[in-house]
Amino acid sequence: MKDLIAYIAKALVDKPDEVVITEIEGAQTSVIELKVAKEDLGKVIGKQGRTARAMRTVLSAASAKINKRSVLEIIE
Amino acid sequence: METFNFEGKTTEEAIKNACSQLNVNREEMEIEIIEPGSPGIFGLVGGRKAKIKVSTIKEKPAPVKEERSISDEYIALKEKGTSKEEPGPAIDENAIIIAEDILNKILELIPMENATVNAEQQNGVITMNIVGDKSGLLIGKKGKTLDALQFIVNRIVNKKLEKNIQVVVDSENYRKRREEVLVEMALRMSEKAKRLKKPMVTNLLNPHDRRTIHLALKDDDEIDTRSRGDGIFKKVLIISRK
């Protein structure tokens, strides 16, 4: 799960080296925290949050496959 | 060093104008973009011309790096494949490979073991069909996941190429099936609108779906279609003209 978001986020930003992802796993739900360079924040969120929403949708599809839930948090 | 101003529909075109009029190569001038220009709506309303400022460099110095931040790799790819004037199919060939790579990588990370991607290019649009997702997981409710995948792949491809190429992601022929459903719904609603002489409203649709509805009813003289709402998702009004 973590790798999926890492790949997408790194491909979207200008500073891929500053992408930090932490996964906090729970029994049912895991929280994925995404941290990017300040200038890149808009790139992972997108106009009207469209990119963030698309990432969350893909993430939930991927999680559904292993019968889990994942939440994506973009950390400022 | 002399400075000139040039205009064009796009910055690309403006630069081309500059090259031909000054009779110099692109590498021999410094280009400053004053206004990037915009195509406007359907290229009709509100279009602005791109303006650039060009300074010629007399003695040819070591090639000046342009301000644009295309990674060198892609410049090399582009220049190797085609002449500078016209974007030939070679660019698209690379674009297809890049787009396919990105989608494959995402599928691999989901992970979708049995899914394979068939990519093709038509009229400047790259269509990638995912084969092997029997569960419909990649399509999602009302194509939500498929749209999200498509959006992300578009974003990444356009970022990598610094060029807007439309990428369509399809799975199990969903896009075609969806279109049939929408056209049928549009026709049904237009009949009802005519019968009741009342406007009919669809539910919230994405731009592509709305376009399908507008196109399905464009030849019907008794029906007018209009989009209503804010944001990406809007409703379509199907109005009887009589």
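User: Where in chain B is Pro111(B) found, and which residue does a cis peptide bond join to Pro111(B)?

Analyst: Pro111(B) is found in the loop between α3 (89-109) and β4 of chain B, where helices (H or I, at least four residues) and strands (E, at least two) are DSSP runs numbered from the N terminus. This is a predicted model, in which local features need pLDDT of at least 70 and side-chain atom pairs count only at pLDDT 80 or more, while totals for chains, interfaces and linings use all residues. Residues are numbered from 1 along each chain as its sequence is written, chains are lettered from A and ligands numbered from 1 in the order in which they are written, and side-chain values use heavy atoms, with hydrogens and water left out. As a general idea, most residues other than glycine have a negative phi, and most peptide bonds are trans. Here, the cis peptide bond joins Ile110(B) and Pro111(B), with omega at about -5°.

User: Which phi does Gln48(A) have, positive or negative, and where is this residue found?

Analyst: Gln48(A) is not a glycine, yet has a positive phi of about 55°, and this residue is found in the loop between α2 and α3 of chain A.

User: In which sense do β4 and β5 of chain B pair, parallel or antiparallel?

Analyst: Two strands pair if DSSP finds at least two bridges between them. Strand β4(B), residues 116-122, and strand β5(B), residues 125-131, pair in the antiparallel sense over 7 bridges, and one of the bridge partnerships sets Val117(B) against Ile130(B) in β5(B). The two strands form a hairpin with 2 residues between them, and in the turn Asn123(B) has a positive phi of about 50°.

User: Which other strand does β5(B) pair with, and what unit do they make with a helix?

Analyst: β5(B) pairs in the parallel sense with strand β6(B), residues 166-171, over 6 bridges, and Met128(B) stands opposite Val169(B) of β6(B). With helix α4(B), residues 144-161, the strands β5(B) and β6(B) make a β-α-β unit that is right-handed; that is, with the strands pointing away from the viewer, the path from the first strand over the helix to the second runs clockwise.

User: What does the hairpin of β8(B) and β9(B) look like, and which residues does Thr225(B) touch?

Analyst: Strand β8(B), residues 223-228, runs antiparallel to strand β9(B), residues 235-240, and 6 bridges join them, with Arg228(B) and Lys235(B) as bridge partners. This hairpin has 6 residues between its strands, and Gly229(B) takes a positive phi near 125°. Thr225(B) is found in strand β8(B) and, leaving aside residues up to four places away in sequence, touches His214(B), Leu217(B), Val236(B), Leu237(B) and Ile238(B), contact meaning heavy atoms within 4.5 Å. The side chains of Thr225(B) and His214(B) are also joined by a polar contact of 2.8 Å, a term for a pair of N or O atoms within 3.5 Å, where within protein one must be able to donate a hydrogen and the other to accept it, and residues adjacent in sequence count only if both atoms are side-chain atoms.

User: How many residues of chain A are in contact with chain B, and what area do the chains bury?

Analyst: In this model, 22 residues of chain A are in contact with 20 residues of chain B. The two chains bury about 2000 Å² between them, 76% of it on carbon and sulfur atoms, where buried area is the accessible area (1.4 Å probe) that two parts lose on being put together, summed over both. On the side of chain A, Tyr7(A), Arg50(A) and Lys65(A) lose the most area to chain B, together 30% of what that side buries.

User: How many salt bridges are there between the chains, and how many over all chains?

Analyst: Between chain A and chain B the count is 2 salt bridges, each a side-chain nitrogen of Lys or Arg within 4 Å of a carboxyl oxygen of Asp or Glu. In one, the side chains of Lys159(B) and Asp14(A) meet at 2.5 Å, N to O. Over all chains the count comes to 15 salt bridges.
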